[in-house]
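Trainee: I am new to this structure. Could you take me through it by question and answer?

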Amino acid sequence: MSRLTLLDGGMGRELKRIGAPFSQPLWSAQALIESPDHVRLAHQSFIEAGAEIITVNSYACVPFHLGETLYHSDGARLARLAAQIAAEVAQQASHAVQVAGSIPPAMGSYRPDLFQAQPAQAITQTLYAAQDPYVDIWIAETISSLEELSMIQQVLGQSSKPCYYSFTLQDDSDVALLRSGESVSDAAQQVAVAGGAGMLFNCSVPEVMADAISQAKNALNGDQTGIEIGVYANSFAPIKAQHAANQTVQAMREFSAQDYVEFAKQWYELGATVIGGCCGITPTHIRALQDWRQALEKS
């Protein structure tokens, strides 16, 4: 069986859980501004739980969350600070930990209808330049459409580091589709053409991930491309098409760490070799994944 790599969990909700300053619209950026030590603590908790990849807390360093004024004055500085914190924590870890630079949705999550390529590319370039000196790999997160993917690939085309492209899926579809309604297979082919190191699925409910893995596997001709497939689902209630991310804190579902492991077992059997968690997935969930992985390696 392929070796399983563990990602961390959801940074924003973990910051809220441990008492960091946290409110809309700033989301996870508020801790960077007011209490960077909480960001450090959250990273450390995921590493101690077993994470081998931690993601820079730059997801909210965009105008959508900071507002135009604060983004233009401090967006790049905050993204750089987030990358520096992640790199410092990774270097101090007792096991090898890679730092993943985060390329978030520049125009807001889950809403391909709001995407505008030209301003999004300028924002993405700023986040890339701020993080690049401190990261080992890149993860472009919560991609909603092929148009958004194309823009991100133009920016990450500058990098020689491994680039992972992670897609958010419709939560209420029997067949896995991007939020735009475009197919997972088409996205997989575009990832392959650009030489992506991996194709991941994130910030969608766990139930939609299995079909996405199967579609990606088929489109990528099994393991012949060498492109890794991975999943980091959320514990949100299903997100609807016209979701307004900054108007409310999304409702959560309750499932245990063991419930999440049961989903992960299915994903692994289907071919996912990178597994972690997104919003609402805590160090307790990652520890349960680590315990399961250790049992796998012994069997």
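The turns below go from the strands to the binding site, the cores and the salt bridges.

Mentor: This is a predicted model, in which local features need pLDDT of at least 70 and side-chain atom pairs count only at pLDDT 80 or more, while totals for chains, interfaces and linings use all residues. Residues are numbered from 1 along each chain as its sequence is written, and side-chain values use heavy atoms, with hydrogens and water left out.

Trainee: Which residue of strand 7 is the bridge partner of Asn202?

Mentor: Strands are DSSP runs of E with at least two residues, helices are runs of H or I with at least four, and both are numbered from the N terminus. Two strands pair if DSSP finds at least two bridges between them. Strand 6 (residues 198-202) and strand 7 pair in the parallel sense over five bridges. In strand 7, the partner of Asn202 is Tyr232.

Trainee: Which residue of strand 8 stands opposite Ala233?

Mentor: Strand 7 (residues 228-233) also pairs in the parallel sense with strand 8 (residues 274-277), over four bridges. Opposite Ala233 in strand 8 stands Gly277.

Trainee: Which residue stands opposite Val274 of strand 8?

Mentor: Strand 8 runs parallel to strand 1 (residues 5-6), and two bridges join them. The residue opposite Val274 is Thr5.

Trainee: Which residues of strand 8 are on the side away from Val274 and Gly276, and are they buried or exposed?

Mentor: Buried means under 20% relative accessible area, exposed over 50%, and partly exposed in between, with a 1.4 Å probe and protein chains only. In a regular strand the side chains alternate between the two faces of the sheet. In strand 8, Val274 and Gly276 are buried on one side; on the other, also buried, are Ile275 and Gly277.

Trainee: How far apart are the C-alpha atoms of the binding site residues at most?

Mentor: An unreviewed UniProt entry places the feature "binding site" at Cys203, Cys278 and Cys279; such annotations may be inferred rather than shown by experiment, and the positions follow the numbering used here, with feature names shortened. These residues span 77 residues in sequence, yet they gather at one spot, because no two of their C-alpha atoms are further apart than 6.7 Å.

Trainee: What is the relative accessible area of Cys203?

Mentor: Cys203 lies in the loop between strand 6 and helix 9 (209-219). Cys203 is buried, and its relative accessible area is 1%.

Trainee: Which helix gives the largest share of the largest nonpolar core?

Mentor: A nonpolar core is a set of buried Ala, Val, Leu, Ile, Met, Phe, Trp, Tyr and Cys residues joined through side-chain atoms within 4.5 Å. The largest one has 91 residues, and Met199 and Trp267 are among those with the most contacts inside it. Its largest share, nine residues, comes from helix 5.

Trainee: How far apart are the closest N and O atoms of Asp74 and Arg77?

Mentor: A salt bridge is a side-chain nitrogen of Lys or Arg within 4 Å of a carboxyl oxygen of Asp or Glu. Asp74 and Arg77 are three residues apart in helix 5, so about one helical turn separates them. In their salt bridge the closest N and O atoms are apart by 2.9 Å.

Trainee: Which residue meets Lys161 in a salt bridge?

Mentor: Lys161 is in the loop between helix 7 (146-156) and strand 5 (163-167), and its partner is 29 residues apart from it, in the loop between helix 6 (117-131) and strand 4 (137-143). At 3.2 Å, N to O, the side chain that meets Lys161 is that of Asp132.
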